[in-house]
Amino acid sequence: MYRNCFVSQGFAGKCSAPAKHRTASAWCRCRGARGASWAPCFRNRCAPRRTARETRLGRLAAMFPSEDAGENVFEKHIGRPLFHENPTTLQINIGLTCNMACSHCHVESSPNRRETMSFEVADRILELLRNSWFIETVDITGGAPEMHDAFRYLIRQIRTHIPHVRTIYDRCNLTILRQIEQYDLVEFLKRHQVDIIASLPCYVEENVDRQRGNTAYRRSIAALLELNRAGYGLPNSPHHLHLVYNPLGPYLPPNQLGLEIQYHEYLYRNFGIFFNRLICITNMPIKRFLDDLCRTGYYEAYMELLVNSCNLAAVDGVMCLDQIHVSYDGTLHDCDFNYALEMPVCWGHPDDPGPQTIFDLQRSFDEVAGKQIRTGVHCFGCTAGNGSSCTGAIVT
Ligand code: SF4
Ligand code: SF4
């Protein structure tokens with residue numbers, strides 16, 4: 001039986017595997033947008049096998065030798081380093097436990113991960129947030145953030161004591177809403193005016209299940225209907241529901257507005273589902289997605305695509321400029337991707353990097369303004385094409 005190729009749309013390459021393998025592989029028959037051509041299968045079994053030399057670092061060093069020698073290829077390409085402005089968004093990675101284990105997950109979450117935020121860290125965040133007058137958005141991610149004890153605590157405290165935070169986002173995987181122990185989650189989110197940013201990487205069932213696991217699509221649709229019933233995503237409703245698309249393979253997201261129209265049409269026509277906006281996010285060449293790129297031999301092609309598509313107009317809107325990120329243990333990062341790469345902030349010399357955790361800040365998150373951002377080759381994922389951020393395309 002043939003199955004859809006992971007690289008079903010927008011990727012111009014041809015399968016590099018021998019023809020006899022292509023026809024024999026269960027993974028390799030592309031039935032993508034144009035239906036007729038062979039395309040490389042992102043997880044095919046006929047992709048070149050990874051050798052011991054082809055590790056992540058080996059690939060990186062081979063493709064960006066000057067980066068390996070200490071040069072910042074990204075900064076050289078865009079012509080300047082990046083610096084934090086006054087932070088208006090605080091992103092909190094509350095922990096890595098998740099009820100799912102998606103193939104593209106850039107923080108490698110799963111039900112087996114145990115990392116979670118303590119109440120001591122949560123209290124310190126709240127203390128700093130009270131004095132951080134520029135921050136009006138708190139964006140809580142994970143893992144599945146709802147599974148962590150500090151999640152509801154943080155939200156209650158912010159809504160009770162920190163009025164200058166106008167927007168709280170819950171980055172929700174939707175399937176968590178179907179867990180029996182989360183029976184009151186929707187009501188809790190609505191009562192505390194939490195907006196939802198929900199992953200739905202495609203509107204086609206087969207594609208979602210391939211990336212997120214069996215039945216993920218049906219559970220997601222059931223969750224979206226439940227959210228609509230509670231008032232989320234309805235026209236003129238104050239309770240916002242945004243969906244997140246990310247490509248299913250090594251290619252860039254299509255035009256965000258055009259895809260949003262397709263999502264609206266499909267979901268309304270087939271299920272009667274409403275939502276507010278679609279957010280398109282480029283897959284970053286890190287963690288599980290990088291593993292897949294290396295395993296299937298598409299690392300170089302994907303990095304070339306990102307570098308050649310670097311859009312200098314998007315550089316001015318990358319999310320790290322007005323955002324600061326705190327991980328579950330209180331470590332400060334310039335963004336969630338730097339967190340995934342274990343690159344904490346460095347505001348001094350590498351031997352004396354300055355504040356590294358929320359306990360090193362004196363009074364507020366506003367202290368990050370003017371500090372240099374740590375960048376690397378992964379940052380090309382934010383600047384390729386229309387640009388990519390946690391709130392979607394940067395250039396529209
Ligand atoms: S639902 Fe999100 S956090 Fe959980 S494994 Fe999938 S991508 Fe990662
Ligand atoms: S990955 Fe993107 S958001 Fe993070 S530091 Fe690089 S450019 Fe900024």
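Tutor: Before we look at this predicted model, one definition is needed: a residue is buried if its relative accessible area is under 20%, exposed if over 50%, and partly exposed in between.

Student: Why is Glu206 called partly exposed?

Tutor: The relative accessibility of Glu206 is 35%, and because partly exposed covers what lies between under 20% and over 50%, Glu206 counts as partly exposed.

Student: What makes Arg210 buried?

Tutor: Arg210 has a relative accessible area of 11%, and buried means under 20%, so Arg210 is counted as buried.

Student: How do you know that Arg210 forms a salt bridge with Glu206?

Tutor: A salt bridge asks for a side-chain nitrogen of Lys or Arg within 4 Å of a carboxyl oxygen of Asp or Glu, and the closest N and O atoms of Arg210 and Glu206 are 3.4 Å apart, so the pair qualifies. Both residues belong to helix H8 (residues 205–212), where a spacing of 4 residues separates them by about one helical turn.

Student: How many salt bridges does the structure hold?

Tutor: There are 12, including one between Arg80 and Asp316, whose closest N and O atoms are 2.7 Å apart. Arg80 sits in the loop between helix H4 (73–78) and strand S1 (89–93), whereas Asp316 sits in the loop between helix H13 (312–315) and strand S7 (323–326), so this pair ties together parts that are 236 residues apart in sequence.

Student: Why is Asp316 called exposed?

Tutor: The relative accessibility of Asp316 is 53%, and exposed means over 50%, so Asp316 falls in that class; its partner Arg80, at 35%, counts as partly exposed.

Student: What makes helix H11 (residues 287–296) largely enclosed by the rest of the structure?

Tutor: Of the 10 residues in helix H11, 8 are buried, and therefore the helix is largely enclosed; among them are Phe289, Leu290 and Leu293, and also the charged-type names Lys287, Arg288 and Asp292. Just after H11, Gly297 takes a positive phi of about 80 degrees.

Student: Why are S6 (278–280) and S8 (332–333) said to stand at the edges?

Tutor: The open sheet of 8 strands runs in the order S6-S5-S4-S3-S2-S1-S7-S8, with mixed pairing. Strands S6 and S8 each have a single partner strand, so one side of each is left without a neighbour in the sheet.

Student: How do you know that S4 (residues 194–199) and S5 (residues 241–245) pair?

Tutor: Pairing needs at least two bridges, and S4 and S5 share 4 in the parallel sense, so they count as paired; in one of these strands, S5, Val244 is the bridge partner of Ser199.

Definitions and conventions:
Residues are numbered from 1 along each chain as its sequence is written. Chains are lettered from A and ligands numbered from 1 in the order in which they are written. This is a predicted model: local features need pLDDT of at least 70, side-chain atom pairs count only at pLDDT 80 or more; totals for chains, interfaces and linings use all residues. Side-chain values use heavy atoms; hydrogens and water are left out. Helices (H or I, at least four residues) and strands (E, at least two) are DSSP runs, numbered from the N terminus. Buried means under 20% relative accessible area, exposed over 50%, partly exposed in between (1.4 Å probe, protein chains only).
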